[in-house]
Amino acid sequence: MSQRRVVISGLGVISPIGLEKKEFWDNLLQGKSGIGPIERFDSSALATRIAAEVKDFQAQDYIARKDARRMDRFVQFACAAAQMAVEDSNLKPVLNRIKDRTGVIIGSGVGGIGTFEEQHNRMLDRGVGAISPFFIPMMISNMAAGQVAIMLGATGPNSCTVTACASATHAIGDAFRAIQNNQADVMLAGGSEAAITPMAIGGFSAMKALSNRNDEPQKACRPFALNREGFVMGEGAGVLVLEELEHALNRGSTPYAELIGYGCSSDAFHMVQPDSEGKGAAAAFCRALDDAGIKPSAVDYINAHGTGTTLNDLVETRAIKEVFAGHSYDMTISSTKAATGHMLGAAGAIELIATVLSLVEQVIPPTLNLEEPDPLCDLDYVPLQARNMNLQVAASDSLGFGGHNAVLLVRKMR
């Protein structure tokens with residue numbers, strides 16, 4: 001049997017630089033940053049007092065008020081992004097008759113940590129009897145996928161990936177496999193995160209993982225730069241509609257791009273540090289290329305994990321050089337995290353959406369704040385300004401704590 005081909009037919013975005021696809025994309029190309037002082041809580045006692053917050057989001061614009069009150073913020077984000085993706089793909093008119101062939105996989109690295117902290121404070125103040133009966137179903141990480149399926153009536157495969165910063169990329173890869181293997185015709189896949197909370201910011205600060213450039217928030221995330229010092233927390237959601245090619249064409253859809261390869265691996269090395277040689281990340285790239293049946297030289301652009309931490313950017317560069325060899329100096333690479341912050345379990349979805357739009361628009365978003373590159377990071381990272389370029393095949397990779405690596409390959413629609 002020939003392999004079932006999978007296309008991307010809808011995109012939904014909730015991000016610090018835009019609450020829908022066009023606003024997100026325009027701001028990304030213009031080099032706007034969503035990073036600023038934390039406004040959601042008093043961060044004065046923390047070493048890091050900046051983040052990329054989603055502004056002006058009103059859950060009731062997407063979800064019934066009663067339902068929204070029973071959802072953590074990360075679930076609200078996921079439901080809103082999924083609704084946008086369905087509308088973008090014009091899938092809604094046919095959903096009722098294909099519900100058994102429609103599934104949902106949405107990852108989250110942290111889940112409902114905001115609900116956890118709020119309910120813990122309530123218990124300390126008022127006792128255990130004050131804990132909400134909705135505490136658990138609001139908090140658990142799988143509830144984004146569950147609530148999106150309830151919202152859409154989708155009774156096909158339903159799951160949640162929790163692989164730290166690779167969660168969304170694994171979710172999309174698993175959804176890709178579900179369609180290839182004829183378990184579904186349509187999958188909503190992506191990631192959602194809302195972890196800008198005192199405990200989460202405090203925890204990452206304690207690890208010395210975050211940038212403390214509080215006086216220059218929009219300069220704080222500096223992927224591949226010599227003076228990079230840590231990542232900046234972001235939040236939001238990205239959801240994509242994946243669809244079997246013929247199914248999409250038969251209902252009159254015009255897909256954005258074709259998803260052609262998925263690879264994943266483990267460093268099996270350390271809790272939070274990547275393998276210094278980048279062997280795990282390189283293996284994920286190689287497996288994605290093998291899955292797609294293409295050579296490394298066919299890849300024109302990589303939307304990199306590019307966190308702005310000392311270890312990640314160097315290791316990722318080494319992995320790219322190992323896999324792509326001489327071609328690594330001919331291809332283009334950029335990191336969009338300096339604009340969006342690191343959206344943790346949602347990062348891979350938002351970054352794949354940026355990658356897909358790069359193929360559609362034939363323009364690469366810039367790596368902001370890359371005024372002085374690290375000499376050891378000597379590839380073309382598209383510094384400071386967007387660049388027009390002929391693109392046919394692109395990759396997006398995610399590297400998570402625990403050594404989780406995942407890579408997706410997309411091709412321009414022919």
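The radius of gyration is taken over C-alpha atoms, and the globule rule is 2.2 Å times the number of residues to the power 0.38. With 414 residues, that rule puts a compact globule near 22 Å, and the protein chain has 20 Å, so the two agree. The model shown here is predicted.

Start with the whole chain. Its C-alpha trace spans about 65 × 55 × 40 Å along the principal axes. The chain holds 14 helices and 14 strands. Of its 414 residues, 62% count as buried. Its accessible surface comes to about 15,900 Å². Carbon and sulfur atoms account for 51% of that surface.

Contacts across the sequence come next. Take the contacts with a separation of 6 or more: 79% of them join residues 24 or more positions apart. Charges can be placed too. The chain carries 36 positive and 45 negative charges. Their mean positions are 4 Å apart.

Now go to strand β14, residues 404-412. Asparagine 405 sits in this strand. Its relative accessibility is 2%, so asparagine 405 counts as buried, the limit being under 20%. What does the side chain of asparagine 405 make a polar contact with? The partner is the side chain of aspartate 267, at 2.9 Å. Aspartate 267 also appears among the contacts of asparagine 405 beyond four places in sequence. That list includes Gly263, Cys264, Ser265 and Ser266. It also includes Gly280, Ala281 and Ala284. His170, Ser398 and Leu399 are on the list as well.

Arginine 411 is found in strand β14 too. Is arginine 411 buried or exposed? Its relative accessible area is 16%, so arginine 411 is buried. Leaving aside neighbours within four places, arginine 411 is in contact with Ala257, Glu258 and Ile260, among others. Leu359, Gln392 and Val393 are also among its contacts. Serine 205 is another matter. Arginine 411 and serine 205 are 206 residues apart along the chain, and their C-alpha atoms are separated by 38 Å.

Several of these partners lie in β8, which covers residues 257-266. Just before that strand is a loop, between α10 (245-250) and β8. Serine 253 is found in this loop. At 12% relative accessibility, serine 253 counts as buried. Beyond four places in sequence, serine 253 touches Ser9 and Ala248.

Move back to strand β7, residues 236-244. Glutamate 244 lies in this strand. Its relative accessibility is 12%, so glutamate 244 counts as buried. How far apart are the C-alpha atoms of glutamate 244 and arginine 4? They are separated by 6.6 Å, although their positions lie 240 residues apart along the chain. Arg4 is one of the residues that glutamate 244 touches. Arg5, Ile179 and Asp185 are touched by glutamate 244 as well.

Helix α11 spans residues 279-292. Aspartate 290 has its place there. Its relative accessibility is 63%, so aspartate 290 counts as exposed, the limit being over 50%. Aspartate 290 and glycine 263 are 27 residues apart in sequence. In space they are 8.4 Å apart, C-alpha to C-alpha. Glycine 263 has been met before, as one of the contacts of asparagine 405.

Helix α7 spans residues 143-152 and holds isoleucine 150. Is isoleucine 150 buried or exposed? With a relative accessible area of 62%, isoleucine 150 is exposed. From isoleucine 150 to glycine 114 is 36 residues in sequence and 22 Å in space, C-alpha to C-alpha.

Finish with the backbone. Most residues other than glycine have a negative phi. Aspartate 56 is not a glycine, yet it has a positive phi of about 65°. Aspartate 56 is found in the loop between β3 (50-51) and α2 (65-69). Its relative accessible area is 67%, so aspartate 56 is exposed. Valine 382 is not a glycine either, and its phi is positive, at about 50°. Valine 382 is found in the loop between β11 (363-364) and β12 (387-388). Its relative accessible area is 0%, so valine 382 is buried.

Technical notes:
Residues numbered from 1 in each chain as written. Predicted model: local features only at pLDDT ≥ 70, side-chain atom pairs only at ≥ 80, totals over all residues. Heavy atoms only, no water. Helix = DSSP H or I, 4+ residues; strand = E, 2+ residues; numbered from the N terminus. Buried < 20%, exposed > 50% of the residue type's maximum accessible area, 1.4 Å probe, protein only. Polar contact = N/O pair within 3.5 Å; in protein donor to acceptor, adjacent residues only side chain to side chain. Contact = heavy atoms within 4.5 Å. Areas by Shrake-Rupley, 256 points an atom, 1.4 Å probe, with all protein chains shown as cover. Lys, Arg positive; Asp, Glu negative; His and termini not counted. Charge placed at Lys NZ, Arg CZ, Asp CG, Glu CD.
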